[in-house]
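Let's take a walk through this structure together, one piece at a time. Keep the picture beside you as you read.

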Amino acid sequence: MREVAVLLRDVWKSYKFGVDVVNVLKNVNAIFMRGEVIGIHGPSGSGKTTLLKIIAGLERPDRGEVIVCGYNLNLLDEVGLSMIRNSIVSYIPQDYGLIESLTVFENIELPLLIAGVDKSSRLRRVSEVIKYIGLNGKEDLRPTRLSGGERQRVAIARALVTTPSVLLADEPTANLDWNNAIKVMELFKDIKKDFNTTIIIVTHDPRILEFVDRSLTMFEGTLKEVTPKYYK
Amino acid sequence: MDFKSGGLTAIKILSRGKGIYIIITTSSLLLYYPLFVRNSRITYLLVVISVLNALVAVLADIDTHNSLFYTFRICGATPSIFTTYIITTSSVITFISLIPILICVDVFGVFTSLLMNTSVTSSLLYMSYIKVKKYS
């Protein structure tokens, strides 16, 4: 029997813009299983990024339940959510979130440094991930010296270094040409196969959905299944 | 753990940023006055310049500090790691900018600068952190 990785139950989120209140997520319900690659497609402003941030524990829902790998995020304080982001869920933002002053190695090492992993283990683990992602020889470069595809790979490597159960990628191919986009999507499939990671990708590009196991569509804050619900 | 992640990252960021060079250069130039000119009015001027110097040092690297806060948050840094980062950055900048005033051996000047520089640098960094936390 497959394990549930993420469970969203009646999730609502709104933002205040002056006197106006905009409902970004409306009654979102979903179950994502362990080892699935899920694509969430929708136009800009439909609530895709907000949904990812709620799963990552970067934002809290107004109401509803968010359970990630058995942890109810509503019940966790800021320290608890930090632990979840450090060890269970990894989030790759659209702009990659790399620190330009640090080298590729130091950027990838950061989550392990935060986790308090000792130096020799950090060195070993980062070297393994660099080899797996295919960034050999780029360890000492600053992100500014890398191409868009390589920067995306560094962000994926940083997300992968703690071996998370859930990987969240916000528009991972938005800044790439089609050839690099295919490479990144193939890499996600390899990660799923090798580590049984649940990968949730949000995108506005429908071509990306060819590479996922399940696709859902998001429109004006509501989430709908596009592929058959085979997990039932 | 907190010192390793917050403190060491702060030192790496500072040593590779623009701010530390600005502050070292200005502080070195300012050393001339307390060493060769003994004038109480200049001490007050030094205090003002020292505060401005610390302010510029933080602002010169504010984009890096912002992206670091954002990345720290994504990577699961606890609030205490952010605090360590802010304290380390603020302390290093305050200490270097304080050197010309320490030479004066002016108790009032030293304490005023210490208070002002620490307040200015840590408040700026803390506001930056809150902004990143709110909008990320």
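A good place to start is a pair of neighbouring strands in chain A: strand 9 (residues 214-219) and strand 10 (residues 222-225) run antiparallel and are joined by four bridges. Keep in mind that what you're looking at is a predicted model. If you want one pair to find by eye, look for Met218(A), whose bridge partner in strand 10 of chain A is Leu223(A). The two strands make a hairpin with two residues between them, and there Glu220(A) takes a positive phi near 45°.

Now zoom out a little. What order do the strands take in the open sheet? There are six of them in chain A, in the order 6-7-8-3-9-10, and the pairing is mixed. At the edges sit strand 6 (89-92) and strand 10 of chain A, each of which pairs on one side only. Going from one strand to the next, the twist averages 20°. As a general point, strands of a sheet pair through backbone hydrogen bonds, and they can do so either parallel or antiparallel. We've met an antiparallel pair in strands 9 and 10 of chain A; for a parallel one, look at strand 3 (residues 37-41) and strand 8 (residues 198-203) of chain A, which five bridges join. Here Ile40(A) stands opposite Val202(A) in strand 8 of chain A.

Next, the domains. Chain A is divided into domain 1 (1-88 + 165-172 + 184-232) and domain 2 (95-163). Taken over C-alpha atoms, the centres of these two domains of chain A are 24 Å apart. Where they meet, eight residues of domain 1 of chain A are in contact with nine residues of domain 2 of chain A. On the domain 1 side, helix 2 (78-87) and helix 6 (178-195) of chain A each supply at least two residues, and helix 6 of chain A has the largest share, with four residues. That side of domain 1 of chain A holds six nonpolar residues and two polar ones, but no charged residues.

Let's drop into the stretch covered by domain 2. Why call helix 3 (residues 104-115) of chain A largely enclosed by the rest of the structure? Because nine of its 12 residues are buried. Among them are Val104(A), Asn107(A), Ile108(A) and Glu109(A). Right after helix 3 of chain A comes Gly116(A), with a positive phi near 80°. Ile108(A) turns up again as one of the contacts of Ala157(A), which, leaving aside its neighbours within four places in sequence, also touches Val129(A), Ile130(A), Ile133(A) and Leu135(A).

Ala157(A) leads us to the largest nonpolar core, which has 98 residues; Ile55(A), Ala157(A), Leu168(A) and Ile200(A) touch the most other members. The biggest giver to this core is helix 5 (residues 79-104) of chain B, with 10 residues. From chain A, the core draws at least three residues from each of domain 1 and domain 2.

That brings us to how the chains meet. The contact takes 21 residues from chain B and 19 residues from chain A. On the chain B side, helix 1 (2-16), helix 4 (62-74) and helix 5 each supply at least two residues. Helix 4 of chain B has the largest share, seven residues. By class, this side of chain B has nine nonpolar, eight polar and four charged residues.

Methods
Residues numbered from 1 in each chain as written. Chains lettered and ligands numbered in written order. Predicted model: local features only at pLDDT ≥ 70, side-chain atom pairs only at ≥ 80, totals over all residues. Core = buried A, V, L, I, M, F, W, Y, C linked by C-beta atoms within 7 Å. Buried ≥ 20, exposed ≤ 12 C-beta atoms within 10 Å, placed from the backbone. Domains from an automatic or database assignment. Contact = placed C-beta atoms within 7 Å. Nonpolar A, V, L, I, M, F, W, Y, C, P; charged D, E, K, R; others polar. Pairing = 2+ DSSP bridges. Axes fitted to C-alpha atoms, helices over the stretch in contact; angles between N-to-C directions.
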